[in-house]
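Biologist: I am new to this structure and should like a close look at a single part of it. Please describe the charged side chains that pair with one another, and the places where the backbone is unusual.

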Amino acid sequence: MLLLAIDTAGADCSAAVYDTSCCKILGSVVDNIGKGHAERLMAAIDEALAQAGRPLSDVGRIAVVVGPGSFTGIRVGVATARGLALSLGVQAVGVTTLEVLAQAFLDGGHSGPVVAAMDAKRGELYVQAFAADGNSLGEPQALPPQSARDLAASLSADLTGSGRKLAMGEEASAGADRFDISIIARLGAAKRLDAERPKPLYLRGPDAKPQTGYALARA
């Protein structure tokens with residue numbers, strides 16, 4: 001089966017074509033653009049398909065990163081994945097950013113539990129714990145740094161991700177988390193199919209709020 005993986009949850013705009021029969025990436029595009037995912041994503045998908053030498057009609061499943069992460073970026077990726085899945089008559093599955101961070105850490109040879117922690121700003125971290133086999137040990141949540149540290153200690157787990165230093169009481173690392181598109185594809189291929197379509201995973205509301213003090217009164 002051919003799987004199309006999509007990530008717009010962070011600074012990258014990424015797409016990859018993955019052959020599940022041989023567990024191989026056939027084509028991939030990773031652009032570290034920061035913003036403008038909506039304008040770039042479809043071209044990235046076309047380029048990944050061109051590298052693979054396969055048409056979009058050959059895709060049998062779509063995997064998309066659902067967050068937590070960039071509020072706007074997540075909406076772009078999820079909407080695109082759901083639209084393509086509907087037009088192709090295939091199923092789309094969601095992969096979380098925390099799953100990807102944890103799996104990347106485990107792929108590095110770590111043999112114990114891990115807590116993925118992303119800097120969520122405003123004094124919070126996005127956190128989720130995983131066993132050594134990659135299975136989750138709890139739901140993703142937004143926590144203060146000390147609570148994330150306590151969670152890792154309770155599980156004798158290592159911390160990974162941009163929130164690791166903050167959880168340890170150190171200065172935040174420079175740069176944002178990035179999510180390996182090949183890991184996204186692999187996790188998406190392993191997902192059990194669900195009747196529910198992927199939807200954005202927001203652990204808190206958006207930073208931007210509508211203005212309320214300057215609204216004109218209705219006549």
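Modeller: What follows begins with the whole protein and then turns to the salt bridges and the backbone. This is a predicted model, in which local features need pLDDT of at least 70 and side-chain atom pairs count only at pLDDT 80 or more, while totals for chains, interfaces and linings use all residues. Residues are numbered from 1 along each chain as its sequence is written, and side-chain values use heavy atoms, with hydrogens and water left out.

The protein has 6 helices and 9 strands; these are DSSP runs numbered from the N terminus, helices being H or I of at least four residues and strands E of at least two. Buried residues make up 42% of the 219 residues, where buried means under 20% relative accessible area, exposed over 50%, and partly exposed in between, with a 1.4 Å probe and protein chains only.

Side chains of opposite charge can pair when their charged atoms come close. The structure holds 7 salt bridges, a salt bridge being a side-chain nitrogen of Lys or Arg within 4 Å of a carboxyl oxygen of Asp or Glu. One of them joins D107 and R186, with 2.5 Å from N to O. This pair links distant parts of the chain, for D107 belongs to helix 3 (residues 97-107) and R186 to helix 6 (residues 181-190), 79 residues apart. D107 is partly exposed, at 42% relative accessible area, and R186 is partly exposed as well, at 34%.

Another salt bridge connects R40 with E47, whose closest N and O atoms are 2.9 Å apart. E47 is partly exposed, at 33% relative accessibility. R40 and E47 are also linked with D31 in a network of salt bridges.

K121 brings the two topics together. In its salt bridge with D119, the closest N and O atoms are 3.3 Å apart. K121 lies in strand 6 (residues 114-121) and counts as exposed, because its relative accessible area is 51%. Its phi is near 65°, a positive value in a residue other than glycine. R122 likewise has a positive phi, near 55°. R122 is found in the loop between strand 6 and strand 7 (124-130), and R122 is exposed, at 53% relative accessibility.

Most residues other than glycine have a negative phi, and most peptide bonds are trans. A cis peptide bond, with omega about 0°, joins G67 and P68. P68 sits in the loop between strand 4 (59-67) and helix 2 (71-88).
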